[in-house]
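Trainee: I am new to this structure and would like a close look at one part of it. Could you take me through the second largest pocket and then show me what lies around it?

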Amino acid sequence: LRNESLRLVHDSVALPEVCAHVIELTKAVLKKGVAFRFELGEDVPEIRGDARRIKQILHNLLGNAAKFTWAGHVGLKVELEEGGRFVLLSVFDTGVGIKEELLDKIWGAFNQGSEGMARKFGGTGLGLTIAKQLAEAHGGDITVTSQVGVGTCFAVRIPVRPRGRAAEEEEAHDRQIMTDIVMKAGATQLEAAVVEEASDAAQADNRAMLSYSEINRGAVEIFSVDDDPVNQMVIEGLLAPQGYVVTPAMDGEEALEILKNRGYLPDVILLDCQMPKKHGFEVCTELRALYPESLPIIMVSANTDEENILRGFRAGSNDYVKKPFSRAEVLARIRTQLKLRD
């Protein structure tokens, strides 16, 4: 996002399915007694967009709403607006609210509305920044209204059809597809053979990028990268009873070598930050260069100061968890990454 190098994968998006997915995750983290409300307009159509990124927008906003709401409700409303050109997804809550003078400042990468909140709840506030930039990448935007002690509403507007840069990317993709069709239709037998050979190679590459669960009938592999044998035993003890297949690597170089020499990806990587030879941030950077979007990486560290967390995200991690962690926490984070990936 920072380098404007993110490319959306445009496809038909059924918003009821996207919302159901995110609502399930949100309900699991609501505080006791807080209700969830969902409203879906009857006329909401399928839209063109990146389903995975839209899930991420909603997950970030609903996660914040759940964190700052102790009573009442958290909710999501989906409706069509502006003559059918935009879909409006409103995330609302009856939480603590945000002071009016802070509303323009909450989009900074490390703001949470006040220093007091940041000290009390931790975290970096990156979720709002990411959500806003992902909405803008779709040709949409996010606005916020709030009243202290009453609640907050974030309104996400996404075009039914791509606009701006998102539209240009989709048109370029479509043009490339048409070029490929024309070239194949006019190919000689020799050219057709070359195309077929290239297609076979591409399919082989695709097979190599399949996850463990895709080639093992749903069994999920967690790739644990940690130089401490005791930590590896703890991870095995936490995850194996839940049905996960745990594959250990004792340092970063071993992890990279294992992935290089086998024809599939793990479903999730747990990556320790402090290791000999190559530290976790360096390994994460190399992994993300090899597998830009397809591999969920959760960094693990006893050091969770702001700079360390930022360093992990810069390296390409999807999440960051503090040691020691509970079984419930690590399982929840793994399940979240699996659902966001799918």
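Mentor: Happily; here is a walk from the whole chain to the pocket and then outward to other parts.

Please keep in mind that this is a predicted model. The chain contains 12 helices and 12 strands. Of its 342 residues, 45% count as buried. Among contacts with a separation of 6 or more, 69% are between residues 24 or more positions apart. The chain exposes about 17800 Å², and carbon and sulfur atoms supply 52% of that area.

Now to the pocket you asked about. The second largest pocket has a volume of about 150 Å³. It is lined by 13 residues, and those closest to its centre are Asn231, Ile235, Val300, Lys323 and Phe325. Three elements give two or more residues each to this lining: β8 (221–225), α8 (229–239) and β10 (268–272). By residue type, the lining of the second largest pocket has 8 nonpolar, 2 polar and 3 charged residues.

Lys323 deserves a second look. A cis peptide bond joins Lys323 to Pro324, with omega about -10°. Pro324 sits in the loop between β12 (319–322) and α12 (327–341).

Next, follow β8, one of the elements that contribute to the lining. In β8, 5 of the 5 residues are buried, so this strand is largely enclosed by the rest of the structure. Both of its faces are covered, with Glu221, Phe223 and Val225 on one side and Ile222 and Ser224 on the other. β8 runs parallel to strand β9 (residues 245–249), and 5 bridges join the two. Within that pairing, Phe223 of β8 has Thr247 in β9 as its bridge partner.

Step back along the chain from β8 and you reach Arg217, in the loop between α7 (212–215) and β8. Arg217 is not a glycine, yet its phi is positive, about 55°. With 87% relative accessibility, Arg217 counts as exposed, whereas the residues of β8 are buried.

The loop between α6 (189–208) and α7 holds Leu210. Leu210 is partly exposed, at a relative accessible area of 28%. Setting aside residues up to four places away in sequence, Leu210 touches Ile215, Tyr264 and Leu265. Pro266 is 56 residues away from Leu210 along the chain, and their C-alpha atoms are separated by 8.7 Å.

Let us turn to helix α11 (residues 306–315), whose buried residues are Asn308, Ile309, Leu310, Gly312 and Ala315. A general point helps in reading that list. An α-helix has 3.6 residues a turn, so residues three or four places apart point the same way. The cover over the buried residues of α11 includes α10 (280–290), β11 (297–301) and β12. Right after α11 comes Gly316, which has a positive phi near 115°.

Take Asn308 as an example from α11. Is Asn308 buried or exposed? Its relative accessible area is 9%; anything under 20% counts as buried, so Asn308 is buried. Leaving out neighbours within four places in sequence, Asn308 is in contact with Phe281, Ser301, Asn303 and Tyr320. Asn308 and Cys273 are 35 residues apart along the chain, and 9.4 Å separates their C-alpha atoms.

For a contrast with β8, look at strand β6 (residues 141–147). β6 has a covered face, formed by Ile142, Val144 and Ser146, and an uncovered one, formed by Asp141, Thr143, Thr145 and Gln147. In β8, by comparison, both faces are covered. β6 runs antiparallel to strand β7 (residues 151–159), and 7 bridges join them. Thr145, on the uncovered face of β6, has Cys153 of β7 as its bridge partner. The hairpin of β6 and β7 has 3 residues between the strands, and Gly149 in this hairpin takes a positive phi near 80°.

One last link leads from this hairpin to another loop. Val96 lies in the loop between β5 (86–93) and α3 (115–121). Val96 is partly exposed, with a relative accessible area of 29%. Val96 and Gly151 are 55 residues apart in sequence, while their C-alpha atoms are 5.9 Å apart in space.

To find your way back to the pocket, start again from Asn231, Ile235, Val300, Lys323 and Phe325, the lining residues closest to its centre.

Technical notes:
Residues numbered from 1 in each chain as written. Predicted model: local features only at pLDDT ≥ 70, side-chain atom pairs only at ≥ 80, totals over all residues. Heavy atoms only, no water. 1 Å grid on protein atoms, 1.4 Å probe; cavity = no way out; pocket = protein on both sides within 12 Å on 5 of 7 lines; lining within 4 Å. Points joined across faces, edges and corners; volume = space filled by probe spheres on them. Helix = DSSP H or I, 4+ residues; strand = E, 2+ residues; numbered from the N terminus. Nonpolar A, V, L, I, M, F, W, Y, C, P; charged D, E, K, R; others polar. Buried < 20%, exposed > 50% of the residue type's maximum accessible area, 1.4 Å probe, protein only. Pairing = 2+ DSSP bridges. Contact = heavy atoms within 4.5 Å. Areas by Shrake-Rupley, 256 points an atom, 1.4 Å probe, with all protein chains shown as cover.
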